[in-house]
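Student: I would like to learn how to read a model of this kind step by step, beginning with single residues and ending with the whole chain. Could we take the features in turn?

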Amino acid sequence: MVRFFLMEKKIFWLLFTVLGVVMGFILPSFWWNLALTLPLLVLSWWVVYRSGWFS
């Protein structure tokens, strides 16, 4: 159980980081990136913990 929790945590941070970098290249403004960080965080959390894709 602990090992699975650590894997979910790694997948969450990897997904958040990769999508954040992609968003940084696609969006033209720092303010757009700042405004969309929270929705990106929620999306990453949902994909890893709530969607059931990794269970």
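Student: In which helix is Ile11 found?

Tutor: This is a predicted model, and in it Ile11 is found in helix α1.

Student: Is Ile11 buried, partly exposed or exposed?

Tutor: The general idea is to compare relative accessible area with two cut-offs, since buried means under 20% and exposed means over 50%, with partly exposed in between. Ile11 has a relative accessible area of 23%, so it counts as partly exposed.

Student: Which distances relate helix α1 to residues far along the sequence?

Tutor: Here one sets the separation in sequence beside the C-alpha to C-alpha distance. Ile11 and Ser44 are 33 residues apart in sequence, and their C-alpha atoms are 9.0 Å apart in space. Lys9, which also lies in helix α1, is 36 residues from Trp45 in sequence and 9.5 Å from Trp45 in space, C-alpha to C-alpha. Lys9 itself is partly exposed, with a relative accessible area of 39%.

Student: What share of the contacts in the protein with a separation of 6 or more comes from residues 24 or more positions apart?

Tutor: Such pairs account for 61% of those contacts.

Student: Where is Trp13 found, and how far in space is Trp13 from Leu34?

Tutor: Trp13 is found in helix α1 and counts as partly exposed at 45% relative accessibility. From Trp13 to Leu34 the C-alpha to C-alpha distance is 17 Å, with their positions 21 residues apart in sequence. Leu34 has its place in helix α2, residues 30–35, and is partly exposed, with a relative accessible area of 46%. Between Leu34 and Gly24, ten residues apart in sequence, the C-alpha to C-alpha distance is 9.6 Å.

Student: Why does Asn33 count as buried?

Tutor: Asn33 has a relative accessible area of 16%, which falls under the 20% cut-off, and therefore it counts as buried. Its place, too, is in helix α2.

Student: Which residues does Asn33 touch, not counting those up to four places away in sequence?

Tutor: With those neighbours set aside, Asn33 touches Met23, Gly24 and Leu27. In addition, the side chain of Asn33 reaches the backbone oxygen of Ser29 at 3.2 Å.

Student: Which residues form a nonpolar patch on the surface?

Tutor: A patch is read as a group of residues, with their accessible area taken together. In this model Leu14, Val18, Val21, Val22, Phe25 and Ile26 form a nonpolar patch on the surface, and together they have about 640 Å² of accessible area. One of these residues, Val21, lies in helix α1, residues 2–26, and counts as partly exposed at 46% relative accessibility.

Student: How many helices and strands are there in the protein?

Tutor: There are three helices and zero strands, and the pattern read along the sequence is α-α-α.

Student: What radius of gyration does the protein have, and what would a compact globule of 55 residues have?

Tutor: The protein has a radius of gyration of 13 Å, whereas a compact globule of 55 residues would have one near 10 Å. The extents may be read beside that value: along its principal axes, the C-alpha trace spans about 40 × 15 × 15 Å.

Student: What percentage of the residues count as buried, and how much area does the protein expose?

Tutor: Of the 55 residues, 18% count as buried. The protein exposes about 4600 Å², of which carbon and sulfur atoms supply 77%.

Methods
Residues are numbered from 1 along each chain as its sequence is written. This is a predicted model: local features need pLDDT of at least 70, side-chain atom pairs count only at pLDDT 80 or more; totals for chains, interfaces and linings use all residues. Side-chain values use heavy atoms; hydrogens and water are left out. Helices (H or I, at least four residues) and strands (E, at least two) are DSSP runs, numbered from the N terminus. The radius of gyration is taken over C-alpha atoms; the globule rule is 2.2 Å times the number of residues to the power 0.38. Buried means under 20% relative accessible area, exposed over 50%, partly exposed in between (1.4 Å probe, protein chains only). Contact means heavy atoms within 4.5 Å. Accessible areas come from the Shrake-Rupley method with a 1.4 Å probe; for residues, only the protein chains shown count as cover. Patches are made of residues with over 30% relative accessible area and no salt bridge: like charges are joined within 9 Å, nonpolar side chains (Val, Leu, Ile, Met, Phe, Trp, Tyr) within 5 Å. A salt bridge is a side-chain nitrogen of Lys or Arg within 4 Å of a carboxyl oxygen of Asp or Glu. A polar contact is a pair of N or O atoms within 3.5 Å; within protein, one must be able to donate a hydrogen and the other to accept it, and residues adjacent in sequence count only if both atoms are side-chain atoms.
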